[in-house]
Amino acid sequence: MKCIHCMVRGGEEIKDPSLKTVYRMIESIATVPEFKMLVLTGGDPLLREDIYEIIKYAKDLGFEVTIATNGTLITKKVAKRLSSLDVTGVAISLDFIEPGLHDKFRGVPGTWDRTITGAKNAVDEGLYLQINIALSKLNSGELPQLLRFADDLGSYVVLLYQFQPFGRGSSRENLALTSPEFLQVIETVARIQKELETLVVPVGLPEYFAYLSEKTTVFRRMFRGCISGGGMFYVKWYGDVWPCVFLQKSVGNVLEEPALEIWRESTLLNELRDRRNLEEPCRSCKYREFCGGCRSRAYLLTGNPLGADPLCPLKESH
């Protein structure tokens, strides 16, 4: 793909890591007892001819494995093989209802049709389907239709990523939503969720869980909002570790030091875990422990991953 919003500036010439190197990284990650799920992403991991060997290796080390993909390469044969390896599921990117708009966003004609075919092939083989949506000014107006469409496809979860201008997307700052628009997203998702079987989880918008916490205290026990430093360990192809895909600040390299050491001893990861380190008003916010503000957006807009989320849509509720 040539996605205009790509957070990793895709299309660059890189030296694909050898199978031996990939195994080394997975072995290191597997030493962290908290890590149960391994998501293989890219680019598109299905482009690697040895992806099935990688999946088996990770499964043998005890991981549940999910493939994050644009879906275009999931033929019936590929879906059957993934299922035979007991892959937990596939996370497929879908950004528009209108095929032409999706294809333009992804930069390759015919993408929408092939993506939908891939999603259906996955469901037919009993694979858990997750739909990933990159939400921006281009598609926020059709959010209800997108969520219903994902539900109709048979998705179990929709990860609703808020566009952040990193990588190739750094030249598209105008596509990012504003604070009032984030509030509209929160209200829309909360309203539409009641109609859906699929669970919608906004990413880069932890304020959603703060909003829900006002409706029921159950969410205060179930969610912690931003998972940077808590539930995320993002490893680049060359071994560098980021707190999340959007918080693009290295905390170590699994090819140079043990993943367990990075996870437990990284200064930044430990600072992120203790939200008393956040700057005001996030530090004293009543939603601090089940929201925490978007750490990547704070880093992007202030240069400080512990800064207050400048676009918090609930500022007046603090």
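Two strands are taken to pair if DSSP finds at least two bridges between them. In the predicted model described here, four bridges join strand 1 to strand 2, and the two strands run parallel; within this pairing, the bridge partner of Val39 in strand 2 is Thr66. These strands belong to an open sheet of six strands, which has the order 1-2-3-4-5-6 and parallel pairing throughout its description. The edges of the sheet are formed by strand 1 (37–40) and strand 6 (199–203), each of which pairs on one side only, and neighbouring strands are turned by 20° against each other on average, direction ignored. Towards the other edge, strand 5 (residues 157–162) is joined to strand 6 by five bridges, again with the strands running parallel, and Leu159 stands opposite Val201 of strand 6.

Several helices are placed against this sheet. Helix 5 (residues 111–124) lies across strand 3 (89–93) and strand 4 (128–135), and runs at about 165° to strand 3. Helix 6 (residues 143–153) lies across strand 4, strand 5 and strand 6, with an angle of about 165° to strand 4. In helix 1 (residues 19–29), the buried residues are Val22, Tyr23, Met25, Ile26, Ser28 and Ile29. The general geometry of an α-helix, with 3.6 residues a turn, is such that residues three or four places apart point the same way. The buried residues of helix 1 pack against strand 1, helix 2 (51–60), strand 7 (234–235) and helix 10 (259–265).

Strand 2 is largely enclosed by the rest of the structure, because five of its six residues are buried. Thr69, which is found in strand 2 (residues 64–69), has a relative accessible area of 4% and is therefore buried, the cut-off being under 20%. The side chain of Thr69 is joined to that of Asp44 by a polar contact of 2.6 Å. When residues up to four places away in sequence are not counted, Thr69 touches Asp44, Leu46, Ile74, Val90, Ala91, Ile92 and Ser93.

Aromatic contacts were also examined, and the structure holds eleven aromatic pairs. One of these is formed by Phe35 and Phe233, a tilted pair with a distance of 5.1 Å centre to centre and an angle of 45° between the planes. Phe35 lies in the loop between helix 1 and strand 1, whereas Phe233 lies in the loop between helix 9 (218–222) and strand 7, so the pair ties together parts that are 198 residues apart in sequence. Both Phe35 and Phe233 are buried. Phe233 also pairs with Trp263, and this pair is edge-to-face because the planes of the rings stand at 80°, over the limit of 60 degrees, with the centres 5.8 Å apart. This second pair likewise links distant parts of the chain, since Phe233 is in the loop between helix 9 and strand 7 and Trp263 is in helix 10, 30 residues apart. Trp263 is buried, as is Phe233, and the ring pairs link Phe35, Phe233 and Trp263 into a cluster.Two arginine residues are placed over aromatic faces. Arg273 lies over the face of Trp263, at 4.4 Å from the ring centre, and Arg81 lies over the face of Tyr52, at 3.9 Å from the ring centre.

Note on methods: Residues numbered from 1 in each chain as written. Predicted model: local features only at pLDDT ≥ 70, side-chain atom pairs only at ≥ 80, totals over all residues. Heavy atoms only, no water. Axes fitted to C-alpha atoms, helices over the stretch in contact; angles between N-to-C directions. Contact = heavy atoms within 4.5 Å. Buried < 20%, exposed > 50% of the residue type's maximum accessible area, 1.4 Å probe, protein only. Polar contact = N/O pair within 3.5 Å; in protein donor to acceptor, adjacent residues only side chain to side chain. Phe/Tyr/Trp six-rings, centres within 6.5 Å; stacked < 30°, edge-to-face > 60°. Lys NZ or Arg CZ within 6 Å of the ring centre and 35° of its normal.
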